[in-house]
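Dear colleague,

I am passing on a structure that you have not worked with before, and I would be glad if you looked through it alongside the notes that follow.

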Amino acid sequence: MSTSADPLAALAALPGVVESVNAVRKAVDRVYGHRVMRRRSNEVTSEAALRGARGSAALAGADWALEEVRRRTDFGAEGEPRTVGAALRLTAEAGQLLSIWRQSPLRVLARLHLVAAGGAEGDEGVGRPRQSGEPVDEPLIGSDLPLPDADEVAGRLDGLARLLLTGSEAPALVTAAVVHGELLALRPFVSRNGLVARAAERIVLVGSGLDPKSICPAEVGYAELGAAPYMAALEGYASGTPEGMAVWIAHCGRAVELGVRESTAVCEALQRGAA
């Protein structure tokens with residue numbers, strides 16, 4: 001990452017990133033201007049939350065049909081039901097953490113992991129960064145992406161928190177993509193890092209004002225684009241090269257655009273009285 005006074009702003013100037021930022025801004029503006037948003041925005045937000053949770057769970061290995069997620073209530077079992085339940089809980093929790101995020105991002109990340117893991121404070125490995133020697137259960141991310149040790153994780157998390165608290169002139173998409181990419185690259189928790197990373201990205205997009213009503217579920221886009229392109233773009237982020245970072249940010253931008261398309265379809269269905 002750039003060593004400039006505002007490294008996020010430096011990323012925003014990379015070739016291809018400006019175009020992604022502009023495309024996302026236009027897409028978001030269009031869906032917010034939809035006539036359904038004037039009176040039924042809460043319904044769109046609720047549907048976006050459900051679809052976003054489904055998309056995030058799909059990337060974590062639980063690729064359920066939307067209607068299955070909608071009708072099921074038994075998410076306490078192990079395996080895929082627990083993963084879907086974790087994604088749903090995170091989606092609900094993220095909207096309650098905006099004010100805390102602005103003061104203590106690390107506290108929010110710990111809370112997100114606690115919620116995702118479904119444990120209690122003090123449970124082994126839950127709600128805290130992993131310690132030296134602790135394994136990481138993150139099936140999507142294979143051995144091709146090196147796992148930083150606990151000391152590096154602690155240092156980079158502190159650096160990320162300082163960067164967020166200092167503030168930046170960078171567009172929200174860039175900040176959100178960096179938060180998402182850094183958490184995936186670090187895998188700071190013993191499990192559920194992907195779910196936590198995508199929830200943290202959602203907090204940034206909402207808290208920045210780009211998507212204040214949380215109706216643009218990027219998680220839908222990531223799932224639609226597929227796991228292989230997601231991992232390929234993440235490897236670009238982890239490389240730390242300008243080209244790799246630009247590929248990752250553009251991938252995140254495309255996912256937001258696809259999330260916008262999803263919510264636009266919801267708006268159209270509501271307008272027809274079909275949803």
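**Two sides of a helix**

On one side of helix α8, the residues Asp151, Arg162 and Thr166 are exposed. Please keep in mind throughout that this is a predicted model.

Which residues of α8 are buried? They are Ala150, Val153, Leu157, Leu160, Ala161 and Leu163. Because these buried residues cover an arc of only 160° around the axis, they sit on the same side of α8, and the exposed residues Asp151, Arg162 and Thr166 lie on the other side. As general background, an α-helix has 3.6 residues a turn, so residues three or four places apart point the same way. The buried residues of α8 pack against three other helices, namely α1 (7-12), α7 (105-117) and α9 (172-186).

The ends of α8 can be described as well. At the N-terminal end, Asp149 acts as a cap, with a side-chain oxygen 3.2 Å from the backbone nitrogen of Asp151, while after the helix comes Gly167, which has a positive phi near 90°.

**Two helices and their spans**

Helix α8 comprises residues 150-166, and its 17 residues should span 24 Å at 1.5 Å a residue, which agrees with the 24 Å that separate its end C-alpha atoms. For helix α3 (residues 37-59), by contrast, a straight helix of 23 residues would span 33 Å, yet the end C-alpha atoms are only 29 Å apart. Where in α3 is there a kink? The kink is centred on Glu43 and amounts to about 35°. Just after α3, Gly61 adopts a positive phi of about 105°.

Arg38 belongs to helix α3, and it counts as exposed because its relative accessibility is 68%, where the cut-off for exposed is over 50%. Between Arg38 and Asp149, the residue that caps α8, there are 49 Å in space from C-alpha to C-alpha, and the two are 111 residues apart in sequence.

**A loop and an aromatic cluster**

Pro135 is found in the loop between α7 and α8, and with a relative accessibility of 64% it therefore counts as exposed as well. The C-alpha atoms of Pro135 and Val179 are separated by 22 Å, with the two residues lying 44 residues apart along the chain.

Finally, there is one aromatic cluster formed by Tyr222, Tyr230, Tyr237 and Trp248, and the count of aromatic pairs in the model comes to four.

With kind regards

Conventions:
Residues are numbered from 1 along each chain as its sequence is written. This is a predicted model: local features need pLDDT of at least 70, side-chain atom pairs count only at pLDDT 80 or more; totals for chains, interfaces and linings use all residues. Side-chain values use heavy atoms; hydrogens and water are left out. Helices (H or I, at least four residues) and strands (E, at least two) are DSSP runs, numbered from the N terminus. The expected span of a helix is 1.5 Å times one less than its number of residues. The bend at a residue is the angle between axes fitted to the seven residues ending there and the seven starting there. Buried means under 20% relative accessible area, exposed over 50%, partly exposed in between (1.4 Å probe, protein chains only). The arc is that of the directions from the helix axis to the C-beta atoms. Contact means heavy atoms within 4.5 Å. A polar contact is a pair of N or O atoms within 3.5 Å; within protein, one must be able to donate a hydrogen and the other to accept it, and residues adjacent in sequence count only if both atoms are side-chain atoms. Rings of Phe, Tyr and Trp (its six-membered ring) pair if their centres lie within 6.5 Å; planes under 30 degrees apart count as stacked, over 60 as edge-to-face and the rest as tilted.
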